[in-house]
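I opened this notebook to keep track of what I looked up, one topic at a time. The charged pairs come before the pocket.

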Amino acid sequence: MKKNLVIALIIIFSISLNSQTADKQIQSAVSKFYNFNFSKASDELDLFSKKYPNDHRGFYYKSVMNSWFFLGTLNEAFIDSFNFYSKKAATILEQLDDDKEADKIKKLFWLGMIDYNNSVVSARNNDFASALVSTTSMRNRLEEAIKINPDFYDAYLGLGLSNFAFAEIPAALKWAANLVGFNSDKELGLSYIQLVAEKGNVLKTDAQFYLSQIYSRTIIDYPEAEKILTKLVKSYPKNLLFNYSLASIKYELNDLTSL
């Protein structure tokens, strides 16, 4: 009996240690990714996927990287790579056991984020019908995840962004969205983004950046945007997007001495 207990404890400890090691490795790659060190981040993600072939995160972040490349260049070759890695990540997630609550939330959340990335890429590629389909699928998944666990804060970001963004779209597109039952609530969207910016885990950095853009471009609260961006630049000093955004805010505030 004691022998069996010891074996069980060793197995549990090994699983926990392996998970912690995987988390540290993916965090290292993601940190390089946010710091615009794409070459090293890509290498680390490739190694991660080889070492942990059943962990979707290596492929997921490779897909995100390629979506960034497409958004920045509009080179459609990056869409092919984005789709390739997204499908590999989705295939792994689809195999998760829905009977386990933690796995079900994990599956809903990450598949929902793949939907979100698809919607952004499709919209940037002027394929608004596909963007709307992906956004609807994202909403359904993330709303289901929140029903299971309302404190899974990262799941609120996609819902927040879609609510806020669709409240700002032109009337013609809003009509098309309403036609398929897609409603938006700008205030609710903002509150969700603020929630993830404060309490999120995986998507906290993303939420903070989106929030800074809302403050600087829509609400026009430059001091609040500056506060957020200053922290982001401190964490990721080589991120050109964060630095450029902060410089733009300082220009608006007539604070050019610190640039």
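The entries below go through salt bridges and then one pocket.

**Entry 1, the model.** I noted before anything else that this is a predicted model, and I then looked up how many salt bridges the structure holds, which came to 10.

**Entry 2, Asp23 and Arg57.** I looked up the salt bridge between Asp23 and Arg57, where the closest N and O atoms are 2.8 Å apart. This pair links distant parts of the chain, since Asp23 sits in helix H1 (residues 2-34) and Arg57 in helix H3 (residues 57-73), with their positions 34 residues apart. Are the two partners buried or exposed? I found that Asp23 counts as partly exposed because its relative accessibility is 26%, whereas Arg57, at 15%, counts as buried because the cut-off for that class is under 20%.

**Entry 3, Glu144 and Lys104.** I turned next to Glu144 and Lys104, whose side chains meet in a salt bridge at 3.6 Å, N to O. Glu144 belongs to helix H6 (residues 128-148) and Lys104 to helix H5 (residues 101-124), so this salt bridge ties together parts that are 40 residues apart in sequence. I wrote down that Glu144 is partly exposed, at 34% relative accessibility, and that Lys104 is partly exposed as well, at 27%.

**Entry 4, Glu224 and Lys227.** I then looked up a pair within one helix: the side chains of Glu224 and Lys227 form a salt bridge with an N to O distance of 3.5 Å. Because they are 3 residues apart in helix H11 (residues 222-235), about one helical turn separates them. For accessibility I noted 25% for Glu224, which counts as partly exposed, and 47% for Lys227, which also counts as partly exposed. I added here that salt bridges with shared partners join Asp23, Asp55 and Arg57 into one network.

**Entry 5, the second largest pocket.** Rolling a probe the size of a water molecule over the atoms shows where empty space is left. I looked up the second largest pocket, which holds about 610 Å³ of space. Which residues lie closest to its centre? Of the 22 residues in the lining, they are Gln27, Arg57, Trp110, Asn201 and Val202, and I recognised Arg57 as the partner of Asp23 in the salt bridge of my second entry. The elements that give two or more residues to this lining are H1, H3 and H5. By class, I recorded 11 nonpolar, 5 polar and 6 charged residues in the lining of this pocket.

Definitions and conventions:
Residues numbered from 1 in each chain as written. Predicted model: local features only at pLDDT ≥ 70, side-chain atom pairs only at ≥ 80, totals over all residues. Heavy atoms only, no water. Helix = DSSP H or I, 4+ residues; strand = E, 2+ residues; numbered from the N terminus. Buried < 20%, exposed > 50% of the residue type's maximum accessible area, 1.4 Å probe, protein only. 1 Å grid on protein atoms, 1.4 Å probe; cavity = no way out; pocket = protein on both sides within 12 Å on 5 of 7 lines; lining within 4 Å. Points joined across faces, edges and corners; volume = space filled by probe spheres on them. Nonpolar A, V, L, I, M, F, W, Y, C, P; charged D, E, K, R; others polar.
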